[in-house]
Protein chains: 2
Amino acid sequence: MARTAVLTPQKSDFPRWYQDVVAKAELADNGPVRGTMVIRPYGYSIWERMQAELDARIKDAGARNAYFPLFIPESYLQREAEHVEGFSPELAVVTHAGGKDLEEPVVVRPTSETIINEYLAKWVQSYRDLPLLLNQWGNVVRWELRPRVFLRTTEFLWQEGHTVHATQADAAAYARRILHETYAGFMTDVLAIPVVPGLKTPKERFAGATHTLTCEGMMRDGKALQMGTSHELGQNFARAFDIRYLDAEGERPYAWTTSWGASTRMVGGLIMTHGDDAGLRIPPRLAATQVVVTVVKAGEGVAPLAEALVAELRAAGIRVELDDRAEIAFGRRAIDWELKGIPVRVEIGPRDVTAGAVTVVRRIPGSKDATPVADVVRVVSEALDADQAALLAEATAWRDGHTVDVTSLYEAVEAASDGWARIPWSTVGEEGEARLAESAVTVRCLLRPDGSVPETEDEPDLVAVVGRSY
Amino acid sequence: MARTAVLTPQKSDFPRWYQDVVAKAELADNGPVRGTMVIRPYGYSIWERMQAELDARIKDAGARNAYFPLFIPESYLQREAEHVEGFSPELAVVTHAGGKDLEEPVVVRPTSETIINEYLAKWVQSYRDLPLLLNQWGNVVRWELRPRVFLRTTEFLWQEGHTVHATQADAAAYARRILHETYAGFMTDVLAIPVVPGLKTPKERFAGATHTLTCEGMMRDGKALQMGTSHELGQNFARAFDIRYLDAEGERPYAWTTSWGASTRMVGGLIMTHGDDAGLRIPPRLAATQVVVTVVKAGEGVAPLAEALVAELRAAGIRVELDDRAEIAFGRRAIDWELKGIPVRVEIGPRDVTAGAVTVVRRIPGSKDATPVADVVRVVSEALDADQAALLAEATAWRDGHTVDVTSLYEAVEAASDGWARIPWSTVGEEGEARLAESAVTVRCLLRPDGSVPETEDEPDLVAVVGRSY
Ligand SMILES: [Zn+2]
Ligand SMILES: [Zn+2]
């Protein structure tokens, strides 16, 4: 099988490689309204698996799913000053509905802080109701001037968590739990993306938050992608929406809230972290289809053997699919499975039946081995585990190999041309951020010297991780 | 434990009973924008289970999930004449976005036929691509003048399937497969709602369809609820969006399409089919929580016994929750579990530990039995199966007991005051439909004399099922 070069190589034009993968692996199309996207079945199957895995972790963190309306009265957004300022230019507004002009225009949610906090205020009565932990899966709209499929789209799918706590300490601890266990845990263990959890600078903070925590991933062009954020909102929204609770002393203090979100942007991050010049590489733990048993050519005993192997692999708990479309050229199908990044292919032809061995092709290391039929389940199981680990190790090595320690803004900008720089935060500060911005470089997050996440940007000796970003 | 009458009785005021259940069982709230709703965690857990079960059946029917944009160019809706006419008065329109007025206003999808067909036209090339079977989970907006939570809301959640076929026969067969296996199968087997599958009259047809198939459920006030519909769209959308395929003879005929949907309205149907004066009754197969093990009062050995039973039930594959909130009065908690309709409660107090027996309370038959600890898993498993069947049998008896055969429109209107009438379709016809409408009575569906679903409304001897409806 000769591999046709269907994709622009990463090195010659990374953005075009990305677009090629999105199109050729049938992940998504542009929608008709500027900046919207159509997520095609294969792309959606990746998102569905992300949802399932992340949802389980969100439930482990004690949050329950709920659903709030898409339409928000314009007045709600205006109650929290920074919040409205942050979102105004991105809003889509419905002015006409039910055959007439509306008296009060309604906003299509850019995020649900305002509407959810309005209800949390009703539901929170006493300290016994706290913490109140909610999550919502849905679509949001932020009008994008420079859209890019999965990364920056006018409409995207996401989850947004919203929680209410009795104390600042409890809210802070929960926002951090979501950052580490829910987000970084999922991204590292399932997506095999070695994200760096850190604290955003005040300039990069979410509109209305007192602290924004982030998981930053490094893509294969050295740019950063913000993969998920967890915000401490202090008492800002509690004051704006009057969320108070009766405490044990009979007083009614304002509560403390958090919010946190991760979106279809993660699909873009997956593509750009693991993809290569042959297409996607899906981590086995995420893959909706971990193994494709492929009939190379029809022939005596081929179909029964293929079906038997599918049954055996499925019985072993492996997500497996059969490709017996012998009417389509084998080479074309093989290229398609490579493009789609299916971790393992088991290829079976007429000669393999006679020989009692099949070919196990592993997408991640790129290996191809004749394997006795009796060993297939064991070999495939081991391959799936090993390749999950290999992807994470490879991405970690890439990230570390493209991160340098520097001491000046000039060096930081230099380093950002193909990776990240670590620079003392005291050397950057607000002024330095403005200077870096001239070269399209931003502080992705702040870390303590030991790599842990600081509580505030005012701690001594913090390190700023800077780079270009999506 | 004395049961407090927290709900308006069904017989005294059914609509108010419904509102009471929605509020007291914490299923949903009204949203701030007219006709929108907030689905609270318990209500959403019911929807999540419906989604999971229905999604599995949709995948069994060969359809794959995808996602299309919320925003549709106004011009798309105008391409299919009946479709635009059907939806115009209900549309919500975004005229302002990204800080300025839009050149072409965009519509918030009331359904996605138009935008999906635009893409299907690109993806369908040859007969080898057919059938192409897609499904989408998402939100849609239809501006409602008389909103009612879950039943008729400005925004609702649903799935919408969209498929393309080479022949009319294949499209018709698929629309029927979805009707029977996917919808009626799910509603009968999981929701325990004995829906009647039938054919809509031309008057009641979906805008743009050639035939609309429906599943009609009877609520406990005798009204009908349309629980799901499956439409043959003929070549109407294929012509409007130019969906053609290269056939084996090298010609490019128009394809045949279908669409089908079921929504959060099913939650309303569940409430009104099984609910009683004490609240909801959730069918065991649907219930996110099938069993609550309740600590009646703290005491020696109570907590360990409760935890052991939770572990045993869970190991037996039962969805179980522990309620050990001994600080809240037991009576209050029991009323709450009744309201929420949890199928089985296992109640444990200090005396039960000594006696080696606990109380198994079944919500559906309303029974309460002392049960030896060693028998709990078996007794509960049997109760869940028996009560699933009992709910379906009860709802079927209710439906059949409130359906009468009549021969005149006058009698049909009479019968519709607390149920359905079956009347020869030849006695009704288009004129009869108009006369029934004066009494707010409609033809819910047409059936053959043997109860099967006719192919067209022109078959001889059809029976019209008529009634009031939501
Ligand atoms: Zn700070
Ligand atoms: Zn007809």
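**Figure 1. A pair of E5 strands joins chain A to chain B.** Two strands pair if DSSP finds at least two bridges between them. In this predicted model, strand E5 (residues 92-97) of chain A and strand E5 (residues 92-97) of chain B are joined by five bridges. The two strands run antiparallel. One of the bridges links A:Ala92 to its partner in E5(B), B:Ala97. Strands of a sheet pair through backbone hydrogen bonds, either parallel or antiparallel.

**Figure 2. Six strands from chains A and B form an open sheet.** Read the order across the sheet: E4(A)-E6(A)-E5(A)-E5(B)-E6(B)-E4(B). The pairing is antiparallel. At the edges stand strand E4 (71-73) of chain A and strand E4 (71-73) of chain B. Each has a single partner strand, so one side of each is left without a neighbour in the sheet. Neighbouring strands of this sheet are turned by 50° against each other on average, direction ignored.

**Figure 3. The E4 edge strand of chain B pairs with strand E6 of chain B.** E4(B) meets strand E6 (residues 100-108) of chain B over three bridges. The pair is antiparallel. Look for B:Ile72, whose bridge partner in E6(B) is B:Val107.

**Figure 4. Chain A and chain B share an interface.** Contacts involve 51 residues of chain A and 51 residues of chain B. The two chains bury about 4,200 Å² between them. Carbon and sulfur atoms account for 65% of that area. Across the interface, 23 residue pairs are in polar contact. The side of chain A that touches chain B has 33 nonpolar, nine polar and nine charged residues.

**Figure 5. A salt bridge crosses from chain A to chain B.** There are two salt bridges between these chains. One of them pairs A:Lys59 with B:Glu48. Their closest N and O atoms are 3.2 Å apart.

**Figure 6. Within chain A, a salt bridge ties two loops together.** The count over all chains is 58 salt bridges. Among them is the one between A:Arg363 and A:Asp276, at 2.8 Å from N to O. A:Arg363 lies in the loop between strand E16 (357-362) and strand E17 (367-372) of chain A. A:Asp276 lies in the loop between helix H8 (265-274) and strand E13 (291-295) of chain A. The pair therefore links parts that are 87 residues apart in sequence.

**Figure 7. Chain B has an open sheet of five strands with a helix across it.** The strand order is E14-E13-E15-E16-E17, and the pairing is mixed. Strand E14 (320-323) and strand E17 (367-372) of chain B are the edge strands, each pairing on one side only. From one strand to the next, the twist averages 25°. Strand E13 (residues 291-295) and strand E15 (residues 344-348) of chain B run parallel, with five bridges between them. One residue to find is B:Val295, whose bridge partner in E15(B) is B:Ile348. Helix H9 (residues 302-315) of chain B lies across E13, E14, E15 and strand E16 (357-362) of chain B. The helix runs at about 170° to E14(B).

**Figure 8. Some backbone angles stand out.** Most residues other than glycine have a negative phi, and most peptide bonds are trans. The bond from A:Leu130 to A:Pro131 is cis, with omega near -5°. A:Pro131 sits in the loop between helix H5 (113-123) and strand E7 (132-141) of chain A. In chain B, the bond from B:Leu130 to B:Pro131 is cis, with omega near -5°. A:Asp242 has a positive phi, near 60°. A:Asp242 is in the loop between helix H7 (236-241) and strand E12 (256-263) of chain A.

Note on methods
Residues numbered from 1 in each chain as written. Chains lettered and ligands numbered in written order. Predicted model: local features only at pLDDT ≥ 70, side-chain atom pairs only at ≥ 80, totals over all residues. Heavy atoms only, no water. Contact = heavy atoms within 4.5 Å. Buried area = accessible area lost by both parts, 1.4 Å probe. Salt bridge = Lys/Arg side-chain N within 4 Å of Asp/Glu carboxyl O. Polar contact = N/O pair within 3.5 Å; in protein donor to acceptor, adjacent residues only side chain to side chain. Nonpolar A, V, L, I, M, F, W, Y, C, P; charged D, E, K, R; others polar. Helix = DSSP H or I, 4+ residues; strand = E, 2+ residues; numbered from the N terminus. Axes fitted to C-alpha atoms, helices over the stretch in contact; angles between N-to-C directions.
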